[in-house]
Amino acid sequence: MALDIDIIKRLPGFTLRVRLKAGGEIVGLLGASGSGKSMTLRCIAGIETPDEGVIILNGRPLFDSERKINLPPRRRKTGYLFQSAALFPNMTVEQNILCVLKGKTREEKRRAVEGVLSRMGLEGLGKRYPSELSGGQKQRAALARILVTQPDIIMLDEPFSALDTYLRWQLEQELAAVLRDFTGTSLFVSHNRDEVYRLCDSIAVLSGGQIAASGDKWEIFNNPQSHSACLLTGCKNITPARQTGGLSIAATDWGVTLQAAALPPEPVRYAGIRAHDIAFADSPALPNTFPYELVEEMRDTFSYIFMVRLSPNARPLRLEMSREQYRALGRLPPYVQLPPEKLLLLTRD
Amino acid sequence: MKKVLPLLLALTFVLNLAACGKASEPAQSTPQEPPASAPPSETALTPPEDGVFTESTDLYISAAASLTQPMEELRALYNEKAGPNVNIILNFGGSGTLQAQIENGSPADIFFSAATKQMDALTEKGLVDTGTRVDLLKNEIVLIVPAGSELPVSSFEDVATDAVGFIALGETSSVPVGQYAEEVFQTLGIWDDVVVKSVFATDVKQVLSWVESGNADCGVVYKTDAASESGVKAVASAPEGSHKPAVYPVAVLKNAENRAAALHFLKFLQTEEALAVFERYGFTVNK
Amino acid sequence: MDYSPLWISLRTACVATVFSVALGLVAAYYAVRLGRVLKGLVDGILTLPIILPPTVCGYFLLLFFGVSGPGGRLFEALFHERVVFSWYAPIISATVVAFPLFYRTMRGAFEEFDRTLIHSGQTLGLSGAFIFWRVILPNCRPSLVAGTVLAFARALGEFGATIMLAGNIPGKTTTISIAVYSAMAAGQTELAKKWVLIDLAISFAAMLIMNFAGGGARRRDTGVAR
């Protein structure tokens, strides 16, 4: 069940330092391209070797630089779903799955294959070659192949990135069902915040080779604590900031001073607020209400986006509201309010 | 389509070969009377009286492999006398190969063969300017062994004994020294015993190389070759009359582009100075 | 007409091809995993026979396998036989010149092979041998066929190196190539042509067979690997 890793790997440009513990849950690894997410998975799988550290899976050490342990990939019992599915092109779906089944009788193997094919919605496709499958079918077949090996951990490396958007949702649901049934730990790597939030229980945010935040996903969402975690969880309004006495925070890029609801233990270095947390207001009664200059108004598919400036020559903020909310307003009120309790106060980079 | 293409290519090759076969027929049916005296070529440079050519010209000579060292020395000598404008290009090989090349249009101006057979064959095909032919040199046939060899081989008859595992010979159908070797062994009545241990080379230098490296226990080469290679020693000369005389004929070819230079060089080869060079390498002048 | 050159050539080309393929697969597989400097060195040595003129190759072979050479003496000590002028000498020289062609072709294919397939096989618990024979090679079929064709063609057409090491011994080491040359040199053009046609027929048949063997994978081709 449990994954315990603490590794260092020196790469061109940055050093990857990952310390993570997980137990039977679905962990999302969120980070920008090149932040080391895939490399972490590859180290766990044994395809790459860290420079130092320890990787323990279900109590079994897969890698230990001190004790000179480095198990080859095929003995690690890890399931790795590649972006490209990596099915063997010269074999049919059935053959792909059969070849990883070991130590079973013919009859057992046949049943196992049939079982997993039907579970993954691939009935009747067993005799097809990978080149004859759609992207979604390929991923399902690859996942089927992984499941029959009964791995201790399933690792998914951006499994939807090669698929068309409208296919992703269906595959995501199937994947969610599979992962729920899976008793081991799962690691889901992506740079798409929404997918990670939907599928995972806890999150680790990777930025510049380090874990910028990790833990329960909502905790991180509500209190990212670091600039990178804030960005990676999708916040679009961030400004350098500093405390100016009491609960006041000067938001440098926005050109205003804000009132916080409470102060974090460390000094504040940035402030942020999510686009849908900013509200329009008719009067300046509530704290953090400001007049604004409307820079731009955009219609998104199901929402409206407003770019507003709180002070001359300052950086605009992004405000979002649903279509219904907009219609209910009628006309745009003269003020915007940044509720203090929704302010994200960040103390790290 | 993929399978048809190689078929087409192969077919083209085969047709070309057949065409080649047809094309060589006319050459054989040209008139066989040798001209009494060859008329000078129209584009001739007149052979200079003082022996020095003033315009740059190439002279191609196809010569038997056994003539390698003397010809190279003579080339240098000739350039000293006739000036650097005559660029002599030497092409060495087995006489049979050279003959085949000439038949197929090699640009040789002069052919210097190690036997009369090849020269006669070319003459029959009308490719030789017979008026210029000179049977210039003679060579002796010897049996060689590696320089440090202690095998009990001291005569041609010994080749048939168990002392010899492999004997290197020139190819009997195309290399003159091979033909002579066969004649010698035939005369001695042991050819059947010798041929089963023979390994054939495309030219005499190859024979030398095999014997010198010890891979062949013995070989048959010209006396001149044996003398030129320190890694072998001659242990016996072919008995008198056991083979047709090894005569080296030289001639200017009918299709020589450079007749004037060729004639001039041929004359040079017959001078005392040139003949002395040949003798130094072990050839005898054929009087 | 003496048909022994036909059998000698067939035997030589087929055996040399088999050796080239076996050795070539091993060499290519391990060469890909070498570091850059070592790889360049190994490559250079293994590719040398293609770059050298065949007669130079033959000369080195003669030096090595000759009666006074290291290879020759070892062979004689082990098997009490001499390599030079033996019936298997043409096989040795043909293998030496054909091997680099197969090796380079396969090395290219292995270098370009999609590594994720190998990694996925490893994480799924498959052995290295399984991955090599059932994943890598089947997906390199075009290169396998091309390499084998090249090796066979080169082995069949080998002349310069063979004549040095094996000599021209009719019925024992005289291959078709040597027979053609001898016939030409002796002015026997009709005989030479006959041999050329036989040679063409063999090459053509071999190519058809190999194309057929390699072309069966249309349905599975995704262009993933070569």
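Chain B of this predicted model has an average pLDDT of 83, and 82% of its residues score at least 70. That score is the predictor's confidence in each residue, on a scale from 0 to 100. Which elements of chain B mark the two ends of the range? Helix α1 (residues 4-28) of chain B has the lowest mean pLDDT, 52, while strand β3 (residues 110-112) of chain B has the highest, 96. Look also at residues 18-45 of chain B, where the pLDDT is below 50. Beyond near neighbours in sequence, this stretch has 19 contacts in the model. Please treat such places with care, because coordinates predicted with low pLDDT should not be read in detail.

Let us stay with chain B and see how it is divided. Domain 1 of chain B is built from two pieces of the sequence, 41-138 and 247-285, and domain 2 of chain B covers 141-237. Taken over C-alpha atoms, the centres of these two domains are 28 Å apart. The domains also touch each other: 15 residues of domain 1 of chain B and 16 residues of domain 2 of chain B take part in the contact. Which element gives the largest share of the domain 1 side? Helix α3 (residues 95-103) of chain B does, with 3 residues. Sorted by character, this side of domain 1 of chain B has 8 polar residues, 6 nonpolar ones and 1 charged one.

Next, move to the place where chain B meets chain C. Here 24 residues of chain C and 25 residues of chain B form the contact. On the chain C side, helices α10 (176-185) and α11 (189-214) each supply at least two residues. The largest share of that side comes from α11(C), which gives 8 residues. As for its character, the chain C side divides into 16 nonpolar, 7 polar and 1 charged residues.

Finally, turn to chain A and find strand β15 (residues 270-273). Where do its residues point? A:Tyr270 and A:Gly272 point one way, A:Ala271 and A:Ile273 point the other way, and all of them are buried. Strand β12 (residues 237-243) of chain A runs antiparallel to β15(A), and 4 bridges join the two. In this pairing you can find A:Asn237 opposite A:Ile273. Strand β22 (residues 344-346) of chain A also runs antiparallel to β15(A), joined to it by 3 bridges. There, A:Ala271 of β15(A) stands opposite A:Leu345 of β22(A).

Methods
Residues are numbered from 1 along each chain as its sequence is written. Chains are lettered from A and ligands numbered from 1 in the order in which they are written. This is a predicted model: local features need pLDDT of at least 70, side-chain atom pairs count only at pLDDT 80 or more; totals for chains, interfaces and linings use all residues. Domain bounds come from an automatic or database domain assignment. Two residues are in contact if their C-beta atoms, placed from the backbone, lie within 7 Å. Ala, Val, Leu, Ile, Met, Phe, Trp, Tyr, Cys and Pro count as nonpolar, Asp, Glu, Lys and Arg as charged, and the others, Gly among them, as polar. A residue is buried if 20 or more other C-beta atoms lie within 10 Å of its own, exposed if 12 or fewer, and partly exposed in between; C-beta atoms are placed from the backbone. Two strands pair if DSSP finds at least two bridges between them.
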